[in-house]
Amino acid sequence: MNQFVVVANRLPVDAGPGGLVSALQPIARSSGGAWVGWTGNPDERPEPFEHEGVHIQPVELTGEDVDHYYEGQSNSTIWPLFHDAVEPPVHRRAWRVAYEAVNRRFAEATASVAAEGATVWVHDYQLLLVPGMLRRARPDLRIGFFLHIPFPPVELFMQLPRRTEFVRGLLGADLVGFQQPLAAQNFMRLTTQLLGLHPQGERVAYEGRTVTARAFPISIDVAEIEGLAADPEVQRDAAQLRKDLGGDRRLLLLGVDRLDYTKGIDQRIEAYGELLADGTISNDEAVLVQVATPSRMRVAQYQQLRERVEREVGRINGEFGDVGRVPLHYLFQSRTRAELVALYLAADIMLVTPLRDGMNLVAKEYVAARRDEGGALVLSEFTGAASELDDAFLVNPYDVDDLKRGIVAAIATGPEELTARMRRMRERVRAHDVDRWARDFLDVLG
Ligand code: ADP
Ligand code: F6P
C-alpha cells in the first residue's frame with residue numbers, strides 16, 4: 001500500500017518521448033511512491049514490479065482498447081478538440097464506451113494500491129473520468145488532477161458528446177490543475193453552465209466538498225539538462241555536429257518535436273523554404289535540423305502530417321540543395337536526452353512554433369541547456385511557455401510572414417542583446433523547475 005500514487009496513461013518505463021513522463025519521472029523517483037499506467041504495448045500486463053524506486057502497477061489495454069480508448073477517444077476526439085480543433089475532432093460512440101471502461105480500470109487499479117488517506121495524483125486528458133470514479137470508490141483519498149494539455153474555450157468544449165460527465169469526472173478531484181489561468185477559468189465557467197454551480201474565484205462547492213481549480217505551469221528538471229550540457233562528451237558531440245553540418249555554415253536552426261499536427265512543423269518548414277526561395281538565407285550559410293519523433297502513427301491525421309512534411313522536405317532539398325550539402329536535415333527518429341542536449345548546444349536558433357501547446361518543454365529545455373547564454377528562441381505565442389518566456393522572439397505560426405519575421409529578427413539581433421534575453425529566460429526557468437511545480441501543486445492539494 002502506498003501513501004503517494006501517480007496515475008497516468010503511460011508508465012515511466014520505455015515510454016516514448018513526451019512532456020508528461022519527462023516531468024514526472026524525477027518526482028516519482030524522489031517520493032518513492034507507486035505509478036499506475038499502461039506499458040504502451042497492447043495485450044501486455046506484466047506483474048507489478050519496482051523501477052528506479054517506484055512501485056509500478058501496470059494496467060492492461062487490449063488491442064481494441066488501444067484502438068478505441070487511446071487512438072480514438074483520447075487522440076482523435078479529445079486531443080484535437082482541446083488543441084483549438086486544429087484538426088477536426090472525430091466523435092464515435094464506441095470510443096466513448098471504451099474510454100469509460102478503461103478509465104474505470106485505472107480507477108480500480110489505483111484503489112488497489114493506495115493506502116488509507118493516500119494522496120493520488122491523476123494526469124492528463126486520457127483519464128478525465130478517473131477522479132470521479134476514484135472519489136466514489138475511495139472517499140478517504142486526497143485526489144489531485146493535472147491537465148498537461150490546453151483546456152479549450154467553453155464554446156469548443158460544448159461540442160464534446162457527454163460533456164457534463166467529463167466535468168463531473170474532474171470535479172471528483174480536490175484540486176484540478178491547468179497550465180494557464182484562463183484554462184482554470186474556462187473550467188469554472190463550465191461548472192456553472194453545465195451543472196449550475198456557483199464558483200467563488202478558484203473554488204467551487206460540489207457534493208459537500210470544495211474543489212479548487214488553479215494554474216500550475218509545468219517545467220523541466222533543470223539540473224538534469226544543465227548536467228548534460230556541462231558534460232564534456234556532450235559538448236564534444238555538439239561541436240562535432242556543427243562540423244558534420246558544414247563547419248563554414250554560420251547558422252544552425254533546430255526543431256525538436258513529436259511529429260504532431262499541433263506542433264506547427266509544416267508551417268515552420270514552409271517559412272524556412274520561403275526564406276531560401278527569396279534569398280534571405282542561403283544553403284551555404286544556413287541549415288535546419290528537424291527532429292520529428294514518431295508518435296501515434298496509426299492515427300490517420302498523423303500519417304497525413306508525415307506525408308505532408310516529408311514531401312515538403314524533399315521539395316526544399318531538391319530545389320535548394322547541392323551535392324553533399326542540403327538545407328534541411330529531417331530525422332524521423334527518437335534521440336536520447338544527451339543527444340538532444342548536444343543539438344540544443346549546437347543550435348543558434350531554436351524553432352518552437354506550435355499552433356497550440358499546453359506548455360512545450362522543449363522550449364524550456366533549450367533555455368536550460370544554454371549555460372553559455374548563447375542561442376535564440378523563436379517561440380509561438382500559442383504555447384504555455386510564451387507566458388513565461390517573453391524574451392523569446394514571439395511569433396504567430398498561422399502567419400508565415402510573421403514566422404519569417406521572427407526568424408529574421410533572431411538572425412539579425414546582435415550577440416549582446418541575445419545574451420541579455422537568454423539570461424532573463426534562464427533566470428525564469430531555473431527559478432521555476434519541475435520540483436517547484438510539483439511542490440506547489442502538492443502543497444495546495446494538502
Ligand atoms: P509533448 O508533451 O506534446 O510531447 P513537450 O515539448 O512538452 O511536448 O515535451 C516533449 C518531451 O519529449 C521533451 O522532454 C523532449 O525532450 C522529449 N522529446 C521530444 N522529441 C524527442 C526525441 N526525438 N527524442 C527524445 N526525446 C524527445
Ligand atoms: O501531455 C502530452 C502527452 O500527450 C502526454 O500525455 C503523453 O504521454 C505524451 O504527450 C506523448 O504522447 P503518447 O503517450 O500518446 O505517446
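How far from an oxygen atom of ligand 2 does a polar side-chain atom of Tyr125 lie? In this predicted model, the separation is 3.3 Å.

**Ligand 2**

Thirteen residues surround ligand 2, that is, 13 residues in its shell, and Arg10, Tyr70, Asp124, Gln126 and Arg296 come nearest. Sorted by class, the shell holds six nonpolar, three polar and four charged residues. Pairs between a polar side-chain atom and an oxygen atom of ligand 2 include those in the table.

| Residue | Partner | Distance |
|---|---|---|
| Arg10 | oxygen atom of ligand 2 | 2.6 Å |
| Arg296 | oxygen atom of ligand 2 | 2.8 Å |
| Tyr125 | oxygen atom of ligand 2 | 3.3 Å |

Taken alone, ligand 2 exposes 380 Å², and 91% of that is buried by the protein.

**The sheet**

Nine strands make up an open sheet with mixed pairing, in the order S3-S4-S2-S1-S5-S6-S7-S9-S8. Strand S3 (49–51) and strand S8 (203–206) are at the edges; each has a single partner strand, so one side of each lacks a neighbour in the sheet. From one strand to the next, the twist averages 25°.

At the S8 end of the order, strand S9 (residues 209–215) stands between S7 and S8. Strand S7 (residues 175–178) runs parallel to S9, and four bridges join the two. Among the paired residues, Gly177 has Arg214 of S9 as its bridge partner, while Phe178 has Ala215 of S9.

S8 and S9 are likewise joined by four bridges, but these two strands run antiparallel. Arg203 stands opposite Thr212 in S9. The two strands, S8 and S9, form a hairpin with two residues between them. In the turn, Glu207 has a positive phi of about 50°.

**Helices on the sheet**

Two of the helices can be placed against these strands. Helix H4 (residues 130–137) packs on the sheet, where it touches strand S5 (114–123), strand S6 (142–146) and S9. The direction of H4 makes about 175° with that of S6.

Helix H6 (residues 163–171) lies across S6, S7, S8 and S9. Relative to S8, H6 runs at about 100°. Strand S9 is thus a shared element of the description: H4 touches S9, H6 lies across S9, and S9 is bridged to S7 and to S8.

Technical notes: Residues numbered from 1 in each chain as written. Chains lettered and ligands numbered in written order. Predicted model: local features only at pLDDT ≥ 70, side-chain atom pairs only at ≥ 80, totals over all residues. Heavy atoms only, no water. Pairing = 2+ DSSP bridges. Axes fitted to C-alpha atoms, helices over the stretch in contact; angles between N-to-C directions. Contact = heavy atoms within 4.5 Å. Near = heavy atom within 4 Å. Polar contact = N/O pair within 3.5 Å; in protein donor to acceptor, adjacent residues only side chain to side chain. Areas by Shrake-Rupley, 256 points an atom, 1.4 Å probe, with all protein chains shown as cover. Nonpolar A, V, L, I, M, F, W, Y, C, P; charged D, E, K, R; others polar.
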